[in-house]
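Reader: Could you take me through one part of this structure up close, and then show me what lies around it? I would enjoy a connected account rather than a list.

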Amino acid sequence: MHNYSANRYPTDTHSFAKPTEAVVKHLELDLDVNLTNKSISGTATYTVTASQNAAEIIFDTKDLVIESVLLENGQAADFTLGEEKLYLGIPLHISIPQHTTKLSIHYKTTAKSAALQWLAPEQTGGKQHPFLFTQSQAILARSWLPCQDSPGIRFTYNAQVKVPVGYLALMSALNPQEKSLDGTYNFSMTKPIPSYLMALAVGDLEFKPISGTTGVYAEPAQLEQAYQEFTELPEMLAVAENIYGKYSWDRYDLLLLPPSFPFGGMENPMLTFVTPTIIAGDRSLTSLVAHELAHSWSGNLVTNATWNDFWLNEGFTVYFERRIMEALHGQDYADMLKVLGYQDLQHTLEEIGHSSKDTCLKLDLTNRDPDEGLTEIAYEKGNLFLLAIEATVGREIFDQFVKGYFKDFAFQSMTTEKFIAYLEAKLLPPDSPYSKIINPEEWIYQPGLPITGPVITSNRFEKVQEQVTLWLNTTPANALKTENWSTHEWLYFLNGVSSQLTYGRMAELDQTFNFTDSGNAEILAVWLHEAIKQEYLPAEAVLENFLLHVGRRKFLVPLYKALREQNPEQAKSIYTKARANYHAVATSTLDALLF
Ligand code: BES
Ligand code: ZN
């Protein structure tokens, strides 16, 4: 038998740390956030475990100023900063005497610290106060605190954060629910987490509870809307626990960010960060919350050991997200999400090429920015692989397996290879009849999709397809049967008519369905993409406004790509105006596209 729980440190080419020599176990973080100077200064005091003969401990840093390092006894430690490496930053080597168990690093962030986005008042909902948030995944934690920035290394933390009076500070930890009188806040994360889950936000924020263990933080002007949109949170948590076992993180709260947040959501433990673009008014985009909640098991509990194993985080999470939505809203609902995901996967495969190595589940991101290698493949091919296993062994057996996986490897990291070994030992022994139906090695190490993959269909989309066909055969838009269509049905409709649109036919759809005025960001983003391709003038102002305010990379990239193709001058001029509103993870992608 394998010893699955043996947790040696995997080689991570995206970190300078050498955890087998000296590794962090706990962090006491003491920070001062200066919203005027846009800088964080503070002390990171680490409890470490060093091997007998370790002469140094190595941390990752990027665009930080390291001021001093003190040993436990208060003496200054010798440290050196190594050579800067592209994407990775600079290793901080600290000499340690034998038996060192603690050291303190005094540091400050710089204007280049890429995890941080400092918002001016105009960029917030309330328009009165500045705002700060971090985005650490994949390898940006090192730009706001010196850390061993590898997902294979876990530590607990406490923090004390000082912010200006009148602001609330929140972290990926047990959080305050009210502003303090002196602007000082204390946090504790008692479960070991990897550095990419370190998070901080500071702003004019308020809390509203949804249940005893769930709630939402937002700026005052958005709090009620956010509360209304996310009221199903307690039910989500309950159905999730029902599928894969008890939630491990005590509370589950959401933080609604300003629109420049570069992602849809980020699964910071105990406090998921979400984009306001999922507030549709009708709770139709809450599968994103289910996704981030699902990460509380896949990702935060059992963590990809390196970014090459990213599919273990996202593939399981997409699968679990749709199980949660199925439990809440039925199979027909979840099937729609699966089909839309499958369409996204097909687009990605076309774009990067079915035989590209980047379409393997196991990636090789050596010497690359991991952020650029993380595509739909991990999400949707990963999900499809798990659906294929489920279809082969049956849901009940698959559920038991996954539940056991989260239990056996809780608070540990997982490599793809270790997963395969576990899969073969528990579920798919190479000599079983199943092995003729499904080949994990092919799914994981071969590009493209195995031809034996599951077939994904949706009843509700078949009805939409009928209307697509009618409209393409010149039935007028106002004669189509679209009553009770959800966001997903509209998205499927738009995908279905996309290749046949003309300026005139867009105008007809717009007159009937008011897409240009849609308050639903997902629908609007697809519509604006078509508007760019057809140079559909009535949407031009809305497009510009969207690009100026929304910083979600998933929307920006296709829009700017289409715009660049259609009208490169306009693409550049809008981007030049909008760029200051975007987070560094968005500008690093878009700069490459537009400059
Ligand atoms: N953890 C990811 C976001 C992420 C991935 C940030 C890689 C940095 C590097 C998060 O859980 C996620 O997947 N967000 C998606 C939403 C989801 C419903 C597909 C997003 O932001 O669009
Ligand atoms: Zn995710």
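Here is a walk that starts at the metal site and then moves through sheets, loops and helices.

Author: Happy to! Please keep in mind that this is a predicted model.

Let us begin with the zinc ion (ligand 2). Its protein donors are H291 through NE2, H295 through NE2, and E314, which is listed with OE twice. These donors lie 2.0 to 2.7 Å from the zinc ion. Along the sequence, the donor residues follow the spacing H-x3-H-x18-E. The site of the zinc ion (ligand 2) has six donor atoms, with angles of 53 to 158 degrees among them, and it is irregular. Both histidines, H291 and H295, are buried.

From there, have a look at helix α4, which covers residues 310-329 and holds E326. E326 has a relative accessibility of 18%, so it counts as buried. Beyond its neighbours within four places in sequence, E326 is in contact with Q331, A334 and R395.

Next comes a sheet of five strands. It is open, its pairing is mixed, and its order is β14-β15-β16-β18-β17. At the edges sit β14 (206-209) and β17 (265-266), each of which pairs on one side only. Inside this sheet, β16 (residues 252-256) and β18 (residues 271-274) are joined in the parallel sense by four bridges. There, L254 stands opposite T272 in β18. Two helices pack on this sheet. Helix α1 (residues 220-229) touches β14, β15 (214-218) and β16, and its direction makes about 150 degrees with that of β15. Helix α2 (residues 233-244) touches β15 and β16, with a direction at about 135 degrees to that of β15.

The loop between β16 and β17 is worth a pause, as it is the place of F263. Setting aside neighbours within four places in sequence, F263 is in contact with Q135, T275, D371, R552, R553 and V585. The C-alpha atoms of F263 and T277 are separated by 9.9 Å, and these residues are 14 apart along the chain.

One of those contacts, V585, leads us to helix α18, where V585 is among the buried residues. Helix α18 spans residues 584-594, and eight of its eleven residues are buried, so this helix is largely enclosed by the rest of the structure. Along with V585, the buried residues are A586, T587, T589, L590, D591, L593 and L594. They pack against α6 (370-373), α16 (553-566) and α17 (568-578).

Now for another sheet, this time of four strands. It is open and antiparallel, in the order β8-β9-β13-β11. Its edge strands are β8 (116-119) and β11 (168-171), and each of these pairs on one side only. From one strand to the next, the twist averages 10 degrees. β8 pairs with β9 (residues 131-134) in the antiparallel sense over four bridges, and W118 stands opposite L132 in β9.

A199 makes a nice companion to this sheet, as its place is in the loop between β12 (184-194) and β13 (200-203). Its relative accessibility is 0%, so A199 counts as buried. Apart from neighbours within four places in sequence, A199 is in contact with T134, W144, Y157, L170, M171, S172, N268 and F273. For a sense of distance, the C-alpha atoms of A199 and E72 are separated by 26 Å, with their positions 127 residues apart along the chain.

Another enclosed element is strand β3 (residues 56-61). Five of its six residues are buried, so β3 is largely enclosed by the rest of the structure. Six bridges join β3 to β6 (residues 90-95), and the two strands run antiparallel. Within this pair, T61 stands opposite I90 in β6.

Finally, let us turn to a pair of helices. The axes of α12 (residues 487-497) and α14 (residues 521-534) come within 10 Å and cross at roughly 10 degrees. Angles under 35 degrees count as roughly parallel, and α12 and α14 are therefore roughly parallel to each other. Where they meet, α12 contributes T487, W490, L491, L494 and N495, while α14 contributes E522, I523, V526 and W527. In general, an α-helix has 3.6 residues a turn, so residues three or four places apart point the same way.

Conventions. Residues are numbered from 1 along each chain as its sequence is written. Chains are lettered from A and ligands numbered from 1 in the order in which they are written. This is a predicted model: local features need pLDDT of at least 70, side-chain atom pairs count only at pLDDT 80 or more; totals for chains, interfaces and linings use all residues. Side-chain values use heavy atoms; hydrogens and water are left out. Donors are N, O and S atoms within 2.8 Å of the metal (3.2 Å for Na, K and Ca); water is not among the atoms, so sites may look incomplete. Four donors count as tetrahedral if all angles lie between 85 and 135 degrees; four count as square planar and six as octahedral if opposite donors are over 155 degrees apart and all others between 65 and 115; anything else is irregular. Buried means under 20% relative accessible area, exposed over 50%, partly exposed in between (1.4 Å probe, protein chains only). Two strands pair if DSSP finds at least two bridges between them. Contact means heavy atoms within 4.5 Å. Axes are lines fitted to C-alpha atoms, for helices over the stretch in contact, and angles run from 0 to 180 degrees between N-to-C directions. Angles under 35 degrees count as roughly parallel, over 145 as roughly antiparallel, 65 to 115 as roughly perpendicular and the rest as oblique.
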